[in-house]
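Dear colleague,

I am handing over the structure below, and after it you will find an account of what came out of it. Please read the account with the structure open beside you.

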Amino acid sequence: MAEPTRIRTKAEEALANHFAALDGDDPIREIRATAFDAFLSKGLPHRRIEDWKYTDLRNLMREAPGPAVPAGIDDARAALAGADVFDGVDRARLVFVNGVFMPSLSDMAGVAGDIEFASLNAFLARGGAVLDRFAGTDPGESPILALNSAFVRDGAILRVKDGAKLSRAVEIANVFAGGKPGLQTMRHQVRIGRGAEATILETFSGPDGVAYQTNAVTEVQVDADARVRWVVAQEEGAEAIHLHMLIPRIADRAVFDPFNFATGARVARAEIRLAFEGEAASAGIRGIAVARGRQHLDATLIVDHALPNCTSKELFKAAIGGEAKGVFQGKIIVRPDAQKTDGQMMSQALLLSDGAEFSNKPELEIFADDVICGHGATCGQIDEDMLFFLRSRGIDKSEAERLLIQAFLAEAIEEIGEEAVVSALEARTRHWLGAEQEVLSA
Amino acid sequence: MLEIKNLHVEVEGKEILRGIDLSVEDGTVHAIMGPNGSGKSTLSYVLAGKEEYEVTAGEVLFNGRNLLEMEPDERAAAGVFLAFQYPIEIPGVGTMTFLRTALNAQRKARGEGELSTPEFMRLVREAAQRLNISSEMLKRPLNVGFSGGEKKRNEILQMALLAPTLCVMDETDSGLDIDALRIVAEGVNALRAPNRSFVVITHYQRLLNHIVPDVVHVMSRGRIVRTGGPELALELEEKGYADYVEEAA
Ligand SMILES: Nc1ncnc2c1ncn2[C@@H]1O[C@H](COP(=O)(O)OP(=O)(O)O)[C@@H](O)[C@H]1O
Ligand SMILES: [Mg+2]
């Protein structure tokens, strides 16, 4: 129940109106209503809520546009042409524009025999099994999740078959098109079958001048012995608000390596909530964030070790310029049964200007005794001695700085271990640094 | 080529160089010897343009230009090179990427075109071979995992590629075994030319057996206290620096 005395913010009020205007004839109406009530009872999270201490969404999200209008095919195609981060990577593609699946822009060639796919919308229309899956996540625990369940429009229901070794990567492209602000809400549910091997790319992009919002929740079930690389590239438009949760559950001996690459949006929160639900599984959880101007980029991570013999390695790097703000929150939980857990978390930030800011909150919650866990954090500026060395060889200051920032970020990117993906992200980083020149010397 | 007049330099409020005068003509090799802490590295850093050194008096002219007003990268493009006493490791920056960026940056600053990849590769391979630097070393990040001697050879490789006109070498010989010393000295001697000068900073005379200087200076407590011919190096080898340390004390 909402506290009767709490005054809603303008954005909360707008969300309530948008929710009331949703189509009443909907197979998941009940789920939506429960979720929205859960959201409204607490409202937008703010700095006095521990999890949101450094990302005061109540303050950062003043407006709440209504559900995005579906894009026409020409607009959609034009917007998709700009979503080219992984053009150098051999990949199949599932395309969502303004939160709606676009079959005519999608391409499953080369993997069609190894996967099953349906759009969430088609599932919703039939009611059916998806309802149970939705019920499995409690919207009360996260405002992103609650809003997602309340407003979800479409998503990918994707299954990689047991034992399949995908010959190409699969990209889930999330693109915003058109010049009108809107909210796009996607829920992707992916299951990687037993012993399957896959590289999944999740991309987000949109126009710079439009104050649109993205709310995307991606649930991943990784079955036993599967091996998955999961790379999120967030290159939203400069005015966008981007809220994303990646929720992987990992079975016995599976390997799941997510990477979060974030350069876009005015405000972004990328949450990874990863749970080991089997033994002897491992996850290499890494990411980079580069921000400038007045961007606010938050990477939040919860790694839940519930069973023995699992390994998680976390490495997050941020390069923050201008007046931008970076946030890293990383929590490793080791439950009483999770003996022989190996968890190592590292966060490193490079501040590129006097106005840049970085908040770092590593946490270990350990309830088992036979574990190796640790965390480290650094936050500093470009090394003056390295800079001088490069300059003494004739490399000018901004180029030398670029080389050093690139080197700093590359250390994380290279861990992805798949050359085409690595070079795509390195090229993107170089591109970003090229545009960053004036901020660096400020 | 290089004209240093009455140079005074402070670090953190402490005067390190206390009136250096030094004149290096085209095509000559000057050796600077002196006890530890006498200010040799400070002089080399000031020539290369390191920020934390504050010049409180004097001037430095490089081919008639005021060197002290130039940025470190401008000095490099103009032909100044410092082989560092302690070459720095730069993780994540590939040695080849670094060499190429440096070479092209200098070419660009001088209004020359960039080198093509095959031209660049050929230049590096030839220079590396002469210095006994393996292609495996070139694949690593700059100086990462290099031994002390490898780092020093890598400095000379950069010097050979960038072809400066003023080479300042700060204790390039320290940490080198006798074979490596010979290789480095041969590399340096191959670069000797009528329009190229060297300032060779060393603590020991043995490097000067291989790179024979025209002039030898002794530095003590931030000043050049004696100047002579190659025989001065031999004298120092015999007597050590005790005289100079005491004289200055
Ligand atoms: N960056 C610095 N900060 C403080 N003191 C310095 C610095 N660089 C040099 N010095 C001091 O200046 C003096 C000369 O050092 P240096 O030039 O390295 O001598 P050398 O190379 O002849 O051994 C020493 O007393 C040293 O401690
Ligand atoms: Mg020294």
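Met186(A) sits in strand E6 of chain A, which spans residues 183-192. This is a predicted model, and in it Met186(A) is buried, with a relative accessible area of 0%. The C-alpha atom of Met186(A) lies 36 Å from that of Arg402(A), a residue 216 positions away along the chain.

For the stretch of chain A that takes in residues 182-408, an unreviewed UniProt entry lists "domain: SUF system FeS cluster assembly SufBD core". Between the C-alpha atoms at the two ends of residues 182-408 of chain A there are 36 Å, and the span is 59% strand and 9% helix.

Two glutamates of chain A may be worth your attention. Glu219(A) belongs to strand E8 of chain A, residues 213-222, and the side chain of Glu219(A) makes a polar contact of 2.8 Å with the side chain of Arg187(A). Is Glu219(A) buried or exposed? With a relative accessible area of 8%, Glu219(A) is buried, because buried means under 20%. Glu277(A), by contrast, is found in the loop that runs between strand E12 (267-276) and strand E13 (282-291) of chain A. Glu277(A) is partly exposed, at a relative accessible area of 46%, and the C-alpha atoms of Glu277(A) and Val220(A) are 12 Å apart, with 57 residues separating the two along the chain.

I turn now to chain B and the two ligands.

Which protein atoms act as donors to the magnesium ion, ligand 2? They are OG of Ser41(B) and OE1 of Gln85(B), at 2.1 to 2.2 Å from the ion. This pair brings together distant parts of the chain, since Ser41(B) is in helix H1 (residues 40-48) of chain B while Gln85(B) is in the loop between strand E6 (80-83) and strand E7 (90-94) of chain B, 44 residues apart. Gln85(B) is buried, its relative accessible area being 12%. When you judge the site, please bear in mind that water is not among the atoms, so the site may look incomplete.

Ser41(B) also appears beside ligand 1: of the 14 residues around ligand 1, those that come nearest are Ile16(B), Gly37(B), Lys40(B), Ser41(B) and Thr42(B). Strand E2 (14-24) and helix H1 of chain B each contribute at least two residues to the shell around ligand 1, and the largest share, three residues, is that of H1(B). By residue class, the shell around ligand 1 is made up of six polar, four charged and four nonpolar residues.

Several polar atoms of the protein can be paired with oxygen atoms of ligand 1. A polar side-chain atom of Thr42(B) is 2.6 Å from an oxygen atom of ligand 1, a polar backbone atom of Ser38(B) is 3.3 Å from an oxygen atom of ligand 1, and a polar side-chain atom of Lys14(B) is 3.4 Å from an oxygen atom of ligand 1. On its own ligand 1 has 560 Å² of accessible area, and the protein covers 68% of it.

The remaining points concern the backbone and packing of chain B. Most residues other than glycine have a negative phi. Glu12(B), which is not a glycine, has a positive phi of about 45°, and Asn132(B), also not a glycine, has a positive phi of about 60°. Glu12(B) lies in the loop between strand E1 (2-11) and strand E2 of chain B, and Glu12(B) is exposed, with a relative accessible area of 81%. Asn132(B), for its part, is placed in the loop between helix H4 (117-130) and helix H5 (135-139) of chain B.

Finally, Leu99(B) lies in helix H3 of chain B, residues 95-109, and counts as buried at 4% relative accessibility. The C-alpha atoms of Leu99(B) and Leu157(B) are separated by 9.4 Å, although the two residues are 58 positions apart along the chain.

With best regards

Conventions. Residues numbered from 1 in each chain as written. Chains lettered and ligands numbered in written order. Predicted model: local features only at pLDDT ≥ 70, side-chain atom pairs only at ≥ 80, totals over all residues. Heavy atoms only, no water. UniProt positions renumbered as here; feature names shortened; annotations may be inferred. Helix = DSSP H or I, 4+ residues; strand = E, 2+ residues; numbered from the N terminus. Donors = N, O, S within 2.8 Å, 3.2 Å for Na, K, Ca; no water. Buried < 20%, exposed > 50% of the residue type's maximum accessible area, 1.4 Å probe, protein only. Near = heavy atom within 4 Å. Polar contact = N/O pair within 3.5 Å; in protein donor to acceptor, adjacent residues only side chain to side chain. Areas by Shrake-Rupley, 256 points an atom, 1.4 Å probe, with all protein chains shown as cover. Nonpolar A, V, L, I, M, F, W, Y, C, P; charged D, E, K, R; others polar.
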